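User: Could you take a close look at one part of this model for me, the nonpolar core, and then show me how the chains around it are put together?

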Amino acid sequence: MKTKRNLRLLATTAALGLMLGNVAAADDAWQKSAGVGAYANETQDWAAIEAAAREEGQVVIYSVSSRIAKLVDGFKEKYGIDIIGHDMPSDLQIEKLRRENNAGVHAVDVLFNAEAALLLNEALPDELVWNFIPDGMTDDLDTGETEPFLIQRHSSRVVYYNTALNPDGAPIDSLWDLTRDEWKGRTLLPSPLEDSLSANFIQTVLHNAEEMAAAYEREFGEPITYSEGVLEAVEDNATITEPDAGMEWLFRFLGNEPVFQGSTTKIFKNVGDVQQDNPPLGITTFSKMRKNKEGIYAAAPIYDLDPVFGVSYPTALVMANEAPHPNAAKLLIRYMMEEDGFKPWNEPGDYAARSSIEATQVEDFNLPKFDDLNLWPINPEEIYFTKYGFLALYLALG
Amino acid sequence: MSDISVPAHGLRSRLHRSATDPVNILMLLLLAVLAYLVLWPFIQLTIETLTWSQGDRRLSRDAVPGEFTWFHWLQATTGPLSTKVLYGPLINTMITGIVSTILALLAGGVLAWCVVRSDMPGKRWLQPILTLPYILPSFAIALAWETVFRSPKVGGQPGLFEALLGTAPPEWLSYGAVPISITLAIHYFPFAYLLVAGALATIDSQMEEGALISGAGRLMILRRITFPVVAPAFAAAFILTFGKTIGQFALPFLLGAPTQYHTVATMVYANLALGLDSMAFVLAIVLIAMSLVAIWFSNRFVGKKSRRFETISGKGFRSRTIALGAWRWPVFTAVAMFSFTVGILPLILLGVQSVMLIDGFYGLENLTSHFWFGTSNPEIAFGEPGVLHNDIILGATWNTLKLAFISAVIASVVGLVIAYISVRRADNPLARALDQISFIPFLFPTIAFGAMYLTLFAEPVGPIPALYGTFTLLVLISVVSRLPYSVKTGVTAVTQIGKELEEAAELAGAGWGMRFRRIIMPLASSGVLSGMMVSFVGVMRELSLIILLITPSTRVLMTVGFGYAEEGLSQLSNALVLIVAVLTIIGELILMWIGKGKMARLRDKQS
C-alpha cells in the first residue's frame, strides 16, 4: 500500500520535474529496476528478469507496424506474457508519450518506432524513452545499431523500374536521369509533404550535395551550373547561403513534374504492371519486391544507380520512461531482436540489424549484403534541424 | 412558473425571473461546459502558435522553448514562404470550397425536392442510397475518380476513360480544382439533401394549394413558397458543406498533390506531417476564421427572416405530393442513375477489390474469399486471417457501434437544446456566443483536438475525474466534435416551429422541460434524426480524432483498418470499409424506422 502511494508520489514528482525541465533526479529507482540510464551497464540476470516479467504479466507496445499482432501467440506460449499491441504512426507515438508523461500517466513499455530524427533529438534528450541493449548482442551489431538507440531492422527507399518492359536492364543509370525530358511526368513517389519518409529521401539527397555534383559531371560531362530558380530561392532563404548540386537536382526534378501518389504499394504496382506501354519509374520501399507476381507485376530496384542506390532508415526498439512493466519490456525487446521475434518482418529488402539474422536473409532471398549496397543512411540530426529549411526550399523550388 | 401571464413588476422580479428561468440556467451551464471542452482547447491551440516549442530550436536560433513569440504568425503571413504556404492555398481553398458547395447545394436541393415533394416512383429505395456517398470515406470517392480519369503518366493500367475513348483525359480533369470540387460535392451533397428534405417534409400542402387557387404557377410556388421555407436548411447546409470542404484534406491531397495543387487544409496536414505543428496551428486558425465569417453571414440571413418561415403551427397539417405527370419516369431515371453512380458504384468497386487475390488484376481466376472468410495463411497478407475470422475485428465492431450510437444520440439532444436556446433567445449575446462556440470543433485539426483532450483529461482537475483510457473520453470527444452538425440541424428544425405552440402550452401550465420534451423534440424529430444519422456515420468513420486516445481495449474499426492500410493490405482495409458502410446503412435504416413511426403517429394525432 505504502509503496504504491510512494510510487504515485514518485510519478507525480517526475511529471512535475519534467515540466520544470529538471528530470534527472526523480526516477532513479525506476531506472535501476529497468536497467537503463545510469544502470545501463550492469549485468543482466535473465532468469530474474524473466521471473519478474512473468509476475508483471503483460507488456504494452506502441508499434509502427501492425504485424506486432503476429508475435502475441508465440510470446504468450514462451513466456506466459500478453503483448498489448497498439498500432500508431511513429511521430504520434512520441506526441502521445510526451503528453502522457507530462500528465504523469505511464501506460506504455516499449516503442517500436521509425522516427529516428525525433527519437534522437527529442525523445532521448527529454528522457521520454531509454535505450536498453540486451546482453550478448553487441558482437552481432555495429556500434551505430546499439547507440544512441537499439535498431531492429533497416528499411530503404529506392528507385524501381519495370523489368518486363525493359528486358535489357534499367532504363536509367543516374539520379540525374530523372531530370531529363524523357522522364518528364514519369517518376512516381509519395509526396514529401505527406510522407515523412519521402521527405527523408529528398533531404538526404540534399545533404549529399558533393556526391550529387560529382554524379552530375559523370552524367553530363561538365561541371554543374545553377539555374535561375535555384539562385533566387537561395537569395530568399534565410538559412541557406550557397546553391549546391542537391538543390539543383531538386529544382530540376520538381520541374520535371514528378507524380505524387499516396501509397508505396500503389507506386510499386503502377511501375511493375506488365500490361502497359510506357511504364514510369518509382521511388518506393525496397521491400515491395515481395509483391512481384509472374505475369502481373514485374519490377526491380536499380542497384547500381549513380551516385546512390537509395536512402536507408532504421526502426528502433526503445523502452518508455517509467514503463510499468520494465522486465516484460526487456524480454520483448530481446525477443524482437531474435530470430523468432523477427519473423513477421523477415522479408526481402528489409534487413535485420543483427548480422547473424541478416546472413540467413541474404542466403534465403538471394540478395546482396546490406553493407554492400550503396545506400545513404539518413542523418537524423541533419533531418531534424533542416526540416523547416527543407520545407521552405521545397516550396520555393516547386 | 408561468412568466407570461404575470406582467413584469420592476427590475427585481425580472432579475429573479431570469435567474430561475430554466432556459437561462441551462444556457449558462452549457456555456461553462463548452468553454472547458471547446474554448479552452482552442485557447491552448492559439497559445501554442504564440510560443516557442521544443521543436522550434530547429527553425530559429532565437528559439527559447516556452517563451512568447510572433515568429509563427510572421512566417505564415509575411515570410518568404507566405505565398506558397498561406495565400496561394487560401485562394485554392476559396475556389474549391465555393464551387463544391454550390454544386452540393444544387444537387442536394433538387434531389430532396424530387424525393419529398414529387410523386416520383421508387422513392423508398432511392432515399437511403442518396446518403451513401457520405458514408463512404472521401478517399474512396477520390480513388473511384482516379480509376475512371487516371492519366497515363501515373503508370499501371489505363483508366476507364482512356480505355473507352482511346485518348487520355486532359490533365485538368485528372487532377486539380475541377476533380476536387466535383468529388467534394459528391461526398457532401447528402448534408444538403438531408437538411432540405427535413425542411420540405414540414411544408403544409395547404400553403401550396392556397397559392394554386390564387392563380400562382408551379414555378411561382417554388420560388415564393418552397424556396423561402427551406432557406434556413440551405443556410445550414451551406455552412456545413463549406466548412467541411475547406477542412477536408484527404481528398484534395489525392487529387491535388500530384500536380502540386494545395489547399490550406493540405498545408495544415503537410506541416503536421513534417512535425511543424505551430505552423499547422496558425493555418488551422485561419480556417476557423474563414468559417466563422461564413457563419456570421448565414446567421444574419437566417436570423432576419426566420419568423417568416415557421411552418409547423398550431393549425392542421397536410402533406400532398406534387404530380410530375409525363416527367415522372424521366425524373426517376435521372435520379436513379445519379444515385447509382455516386452511391452504389464506389461500393461495388470496393467490394470487387476486396475479393481479388492480387489487387487491381481483373480476372475470374484471381477471385478469392480469403480476405473475408479465410483463416490465417502465411502465403497471403502476412498470414492475416479474413476479416470475419478475426477476434480483434469483432471487438472493434462492438466498440464502434456503441461509440457511434451513444455519441450520436447525446450530440443530437444537446445540439437541439443549444439550437433551441440560440433561436429562441437570438437577442441574447450569450446565446449567440453559445451557437458560435459550438461550431469551433468543426474546423479544429482533429489530431490536435485529440492531443489536447489527452492532456485535458489525463489527471483529475477539481471535480473532473481523470478519463484517460476510458470509453467515456471517446464518447466525450466524439460528442463535442459532432456538436457543430447537431446544432446546425437543430437550428433548422427549431426555426420552423411556431412560437404559438409553446405559448399555448405555457398558458396551460406546462414547464419548460415538459414543453421541450412534448413539443420541440417531437416536432423537430425529423430534422434531428437526419442530423443523428450524419453524426452516427461521422463517428463510425472517425480516425485521427481518437487515435491518440484509443487504448487496445477501446479499439474501433477504423484504427484497425488504418493498420491494414499502412501495411499495404488494401483488400483487408477495403473489406473493413465495407463493413463500416453496411453497419452504417443498418443503423440508418433503424433510425429512419424509428423516425417514421414517430412522425406518422404525430400526424395521426393532428388530423
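Analyst: Here is the core, followed by the two chains and the places where the parts meet.

First, some housekeeping: this is a predicted model, so local features need pLDDT of at least 70 and side-chain atom pairs count only at pLDDT 80 or more, while totals for chains, interfaces and linings use all residues. Residues are numbered from 1 along each chain as its sequence is written, and chains are lettered from A and ligands numbered from 1 in the order in which they are written.

On to the core. A nonpolar core here is a set of buried Ala, Val, Leu, Ile, Met, Phe, Trp, Tyr and Cys residues joined through C-beta atoms within 7 Å. Buried means 20 or more other C-beta atoms within 10 Å of the residue's own, exposed means 12 or fewer, and partly exposed is in between, with C-beta atoms placed from the backbone. The largest such core holds 288 residues, and the ones touching the most other members are A:Val110, A:Met319, A:Leu332, B:Val196, B:Ala237 and B:Leu283. Helix α10 (residues 177-200) of chain B gives the largest share, 15 residues. From chain A, both domain 1 (45-153 + 313-377) and domain 2 (156-312 + 381-397) put in at least three residues each; those bounds come from an automatic or database domain assignment. As a general point, nonpolar side chains in soluble globular proteins tend to be buried together.

Zoom in on A:Val110: leaving out residues up to four places away in sequence, A:Val110 touches A:Val59, A:Ile61, A:Leu317, A:Met319, A:Ala320, A:Ala329, A:Leu332 and A:Ile333. Touching, or being in contact, means that the C-beta atoms, placed from the backbone, lie within 7 Å.

Now chain A as a whole. It has 16 helices and twelve strands, where helices (H or I, at least four residues) and strands (E, at least two) are DSSP runs numbered from the N terminus. Of its 398 residues, 53% count as buried. Its C-alpha atoms fill a box of roughly 75 × 50 × 35 Å along the principal axes. Among its contacts between residues at least 6 apart in sequence, 77% join residues at least 24 apart.

The centres of domain 1 and domain 2 of chain A are 30 Å apart, taken over C-alpha atoms. Where they meet, domain 1 gives 13 residues and domain 2 gives 17. On the domain 1 side, α6 (116-123) and β12 (375-377) of chain A are the elements giving two or more residues.

Chain B is built another way, with 25 helices and zero strands. Buried residues make up 49% of its 607 residues. For contrast with the core, take B:Thr78, in the loop between α3 (71-77) and α4 (82-116) of chain B: this residue counts as exposed because it has 10 C-beta neighbours inside 10 Å.

Finally, the contact between the chains takes 45 residues from chain B and 58 residues from chain A. On the chain B side, α24 gives the largest share, five residues. By class, that side has 25 nonpolar, 14 polar and six charged residues, with Ala, Val, Leu, Ile, Met, Phe, Trp, Tyr, Cys and Pro counted as nonpolar, Asp, Glu, Lys and Arg as charged, and the others, Gly among them, as polar.

Conventions
Contact = placed C-beta atoms within 7 Å.
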